[in-house]
Amino acid sequence: MSDSERFVLGYDIGGTKVAVCVADSTGKILADDRLASGAISAYETVLPDMIALGKRLVGEAGLQMSDIKACGVCAPGPLDLVGGRIMKSPNLEWDAVPIRDDLSQGLGAPTFLDNDANAGVLAEWFFGSAKGLKDVIYLTMSTGVGGGVVTGGHLMQGTTGIAAELGHVILDVNGPICGCGMLGCLEAYCGGRNVALRVQAALRDRPDHALLKLPGVDGKIENVNYQVLREGYKREIPLAIEMWEEACMRLAQGIGIYMVTFNPELIVLGTLAFYSGDLLMEPVQRYLPRFAWPEFRNACRLGITALGHKIGELAGISVALYGLYEAGEWELPSAD
Ligand SMILES: [Zn+2]
């Protein structure tokens with residue numbers, strides 16, 4: 001069976017929607033649709049809709065359900081990967097729902113569940129810049145920071161399935177508070193939301209600050225976000241330089257820890273790096289020698305996601321394909 005004849009069904013569960021797609025194992029999307037946000041409510045209502053939409057899309061792709069080799073579900077945490085349950089889902093009021101087994105039963109296909117960051121490293125590994133590699137790390141970087149680690153050709157999942165929480169490595173015990181409740185996590189320094197909050201705090205009692213005069217800010221502290229800080233850095237506003245450099249130095253610290261721990265050949269940075277480019281990568285590279293030996297740095301390339309927005313739509317099918325790969329039913333794509 002060639003790869004283009006091996007079909008999978010992917011579900012990507014977000015805060016306000018469920019995106020569903022049918023794809024072949026080269027990542028080509030054959031049919032896709034989503035459950036509108038208004039339609040999302042209790043699990044008991046959503047589950048039959050998810051199954052019906054999946055089946056409809058399989059038909060639209062010109063396939064039978066028996067052509068679907070696996071189904072993958074990608075959801076934000078917290079998940080119980082061992083039990084295949086979504087423990088809580090923001091905006092969905094779901095509580096410990098056994099989605100993996102329910103979908104598997106409803107669709108009649110083996111179903112696999114994983115979180116956003118693990119799905120992200122799988123998508124980069126199968127379809128993006130990590131094709132053909134065996135030791136890769138992916139950092140989702142948007143409002144928060146998540147991580148996925150492929151080591152020795154396998155996704156690292158840990159003993160209870162919660163491995164690779166790379167955003168919650170603690171960089172300073174006296175550091176700023178993180179959304180997780182701990183102090184000094186990498187996410188507290190580098191996550192988009194926390195960076196914005198830290199800049200906002202620094203601007204309090206400084207109503208005339210140059211950052212508040214940037215386009216789109218209108219003098220309002222609450223309009224200051226990550227993008228505003230980046231713009232300030234570009235314009236060489238001293239406070240912005242100081243805070244941007246600190247965020248980059250802390251990111252380099254985290255990356256150094258990952259290099260020393262996993263000795264990867266590639267670390268891929270997600271959304272914030274995708275939009276910031278060299279403004280982020282240059283300072284991170286500059287600080288990195290403080291945090292990892294040359295032996296680690298020389299072995300590892302630091303890259304930006306090649307998939308960009310596509311990573312979301314490839315997430316569910318990547319989880320499905322990884323299930324097939326671990327079962328010995330699918331081979332990894334080779335490097336281009
Ligand atoms: Zn944390």
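Q: In this predicted model, which residue forms a salt bridge with Asp-12?
A: Let's start with the pairing rule: side chains of opposite charge can pair when their charged atoms come close. For Asp-12, the closest N and O atoms of the pair are 3.5 Å apart, and the cut-off for a salt bridge is 4 Å. The partner that fits is Lys-17.

Q: Is Asp-12 buried or exposed?
A: The relative accessibility of Asp-12 is 13%. Buried means under 20%, so Asp-12 counts as buried.

Q: How many salt bridges does a search of the whole structure find?
A: The pair of Asp-12 and Lys-17 is one salt bridge, and Glu-60 with Arg-56 is another. Searching the whole structure gives a total of 11.

Q: What separates the closest N and O atoms of Glu-60 and Arg-56?
A: These two residues sit four apart in helix H1 (residues 43-60), so about one helical turn lies between them. Both count as partly exposed, because Glu-60 has 49% relative accessibility and Arg-56 has 41%. They form a salt bridge, and the closest N and O atoms are separated by 2.5 Å.

Q: Which residue is linked with Arg-56 and Glu-60 in a network of salt bridges?
A: Arg-56 and Glu-60 already form a salt bridge with each other. The network they belong to also takes in an acidic residue, Asp-33.

Q: Which helix holds both Arg-286 and Glu-282?
A: Here is another salt bridge, with the closest N and O atoms of Arg-286 and Glu-282 2.8 Å apart. Arg-286 is partly exposed at 39% relative accessible area, and Glu-282 is partly exposed at 39% too. The two are four residues apart, about one turn of their helix, which is H9 (residues 278-287).

Q: At what angle do helix H6 and helix H7 pack?
A: Two packed helices are described by the angle between their axes and the distance between the axes. For H6 (residues 226-234) and H7 (residues 238-262), the axes are 8 Å apart. The crossing of H6 and H7 is left-handed, and the packing angle is about 115°.

Q: Which residues in H7 are met by Tyr-226, Leu-229, Arg-230, Gly-232 and Tyr-233 in H6?
A: Helices H6 and H7 pack against each other, and contact here means heavy atoms within 4.5 Å. On the H7 side, the residues met are Ala-240, Ile-241, Met-243, Trp-244 and Glu-245.

Q: Leaving aside neighbours within four places in sequence, which residues does Ala-202 touch?
A: Ala-202 has its place in helix H5 (residues 192-203) and is partly exposed, with a relative accessible area of 22%. Its C-alpha atom is 8.6 Å from that of Leu-239, 37 residues away along the chain. The residues touched are Leu-239 and Met-243.

Q: Which residues is Met-249 in contact with, leaving aside its neighbours within four places in sequence?
A: Met-249 is found in helix H7 and is buried, with a relative accessible area of 19%. Ser-66 lies 51 Å away, C-alpha to C-alpha, and 183 residues off in sequence. The contacts of Met-249 are Tyr-287 and Phe-291.

Q: Which residues make the nonpolar surface patch of about 280 Å²?
A: One member, Val-173, lies in the loop between strand E11 (154-155) and helix H4 (186-190). Val-173 counts as exposed because its relative accessibility is 63%. The full patch is made by Ile-170, Val-173 and Met-182.

How values were computed. Residues numbered from 1 in each chain as written. Predicted model: local features only at pLDDT ≥ 70, side-chain atom pairs only at ≥ 80, totals over all residues. Heavy atoms only, no water. Patch = residues over 30% accessible without salt bridge, like charges linked within 9 Å, V, L, I, M, F, W, Y side chains within 5 Å. Areas by Shrake-Rupley, 256 points an atom, 1.4 Å probe, with all protein chains shown as cover. Salt bridge = Lys/Arg side-chain N within 4 Å of Asp/Glu carboxyl O. Buried < 20%, exposed > 50% of the residue type's maximum accessible area, 1.4 Å probe, protein only. Axes fitted to C-alpha atoms, helices over the stretch in contact; angles between N-to-C directions. Left-handed = near helix turned anticlockwise from the far one by under 90°.
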